[in-house]
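User: Hey, could you walk me through this structure with a few questions and answers? I'm new to this, so keep it casual.

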Amino acid sequence: MNKPQSNEIEISIFGPGYGECILIHCSENDWIIIDSCFDEKTKKVSPLEYLKNIGVSYDSVKLLIVTHWHDDHIRGLSQIIESCPNAEIAISEAFCKDEFLDLASIHNGQKELGVSEFSKLWLHFIENKKYPKRAIGTRSLLQKTDDKIKYKVESLSPSDAAIMLSNNEVAKLIPRRSESNELPPLKRRFRSLTPNFASVVLLITINEVQILLGSDMENSPDENIGWLAILNSGIDCKAQIFKVSHHGSITGENPLIWKNLLHQKPISITTPFILGNVKLPSPADIDRIKFNSKEAYLTAVPFSKKAKTDHFIDKMLKDDVRRREIVNPHCGHVKLLRKNIGDSNWEVQLSEGAIKL
């Protein structure tokens, strides 16, 4: 693996089957990290491991964006914060509200809770007297202009209505004290806030190249939230690259995304989601993405193989284990590379496990 040249754009999307992270080289050794995940094989944080392997200093990371607080997008987040002290941090405006901060403080120190990573995040802000950039639609989070490069990172969501709805949902999760002023037992893991209207959709413009990153944004008939709020915002976007939202699920689909926000037949990349019986994208999702795209890629195959059976082991486990599977052992990685000026062709590199659809 080689690091990109100073005049090259690189988009690296990692997705092992449970997790998603995006790493972008804008130019001149300026890097952006969006979300975080683990390499299931090495158990290391994917973007940090990748930067180390190609010889890039963590000081080169200029911005870390946390799109939302679901576990599959923030595993290893605190390690990135500790390793990249020069990076500014941007998070959804919904997670800067009192309701969410109360929830994070109550569960501070609890393991295996998505919100515990946010507890560490806010502790970092307090200890270092640093405050996050607040992502909301439409807001500039980072930009640079000089003789060699012009780039801009914009958040397109969440909308005002989505922030209010998220606050109401979070408030319901805050445990209420009893008459003796004691908190009830803490849950090991919160239910997901669904739909993902508070997540941060990003538009990254590097010279004439536009990249639309859909996070886990979902569609809604309400024009004040979800993709309709973004489509109605008047944003000037015809992106050539699209990270398909919500792991390609139909819940993140709106035909107007392809018509109004994307270049005709863009290059699309999707990360799978594999958890229990849920496996995304589905075959129908894949057909839809392929139909709308010039080229489409998936960071890992969205299904797991059946485990090999052994009569003796099966007999021992039959009372306790309903089904055994081998999960995808590779942290899938799709990399797109091109010159930032004068070359419209993208070089695509696929790691073991990643596929072209």
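User: Let's start at a pair of strands. What is the bridge partner of I13 in β18?

Analyst: Keep in mind that this is a predicted model. Strands β1 (residues 8-15) and β18 (residues 332-339) run antiparallel and are joined by eight bridges. Within β18, the residue bridged to I13 is V334.

User: Cool. Which strands are the edge strands of the sheet?

Analyst: There are eight strands in this open sheet, with mixed pairing, and their order is β6-β5-β4-β3-β2-β1-β18-β19. An edge strand pairs on one side only, and that fits β6 (133-135) and β19 (347-350).

User: How is helix α1 placed, largely enclosed or not?

Analyst: Buried here means under 20% relative accessible area. That label goes to S46, P47, L48, E49, Y50 and L51 of α1. The cover over them includes β1, β2 (21-27), β3 (30-34), β4 (61-66), α3 (77-83) and β18. Since six of the eight residues of α1 (residues 46-53) are buried, the helix is largely enclosed by the rest of the structure.

User: Now to a glycine, G353: is it buried, partly exposed or exposed?

Analyst: You'll find G353 in the loop between β19 and β20 (355-356). Buried would need under 20%, and exposed would need over 50%. At a relative accessible area of 24%, G353 is partly exposed.

User: How many Å apart in space are G353 and P16?

Analyst: In sequence, G353 and P16 are 337 residues apart. Going from C-alpha to C-alpha, though, their separation in space is 8.7 Å.

Terms used: Residues numbered from 1 in each chain as written. Predicted model: local features only at pLDDT ≥ 70, side-chain atom pairs only at ≥ 80, totals over all residues. Heavy atoms only, no water. Pairing = 2+ DSSP bridges. Helix = DSSP H or I, 4+ residues; strand = E, 2+ residues; numbered from the N terminus. Buried < 20%, exposed > 50% of the residue type's maximum accessible area, 1.4 Å probe, protein only. Contact = heavy atoms within 4.5 Å.
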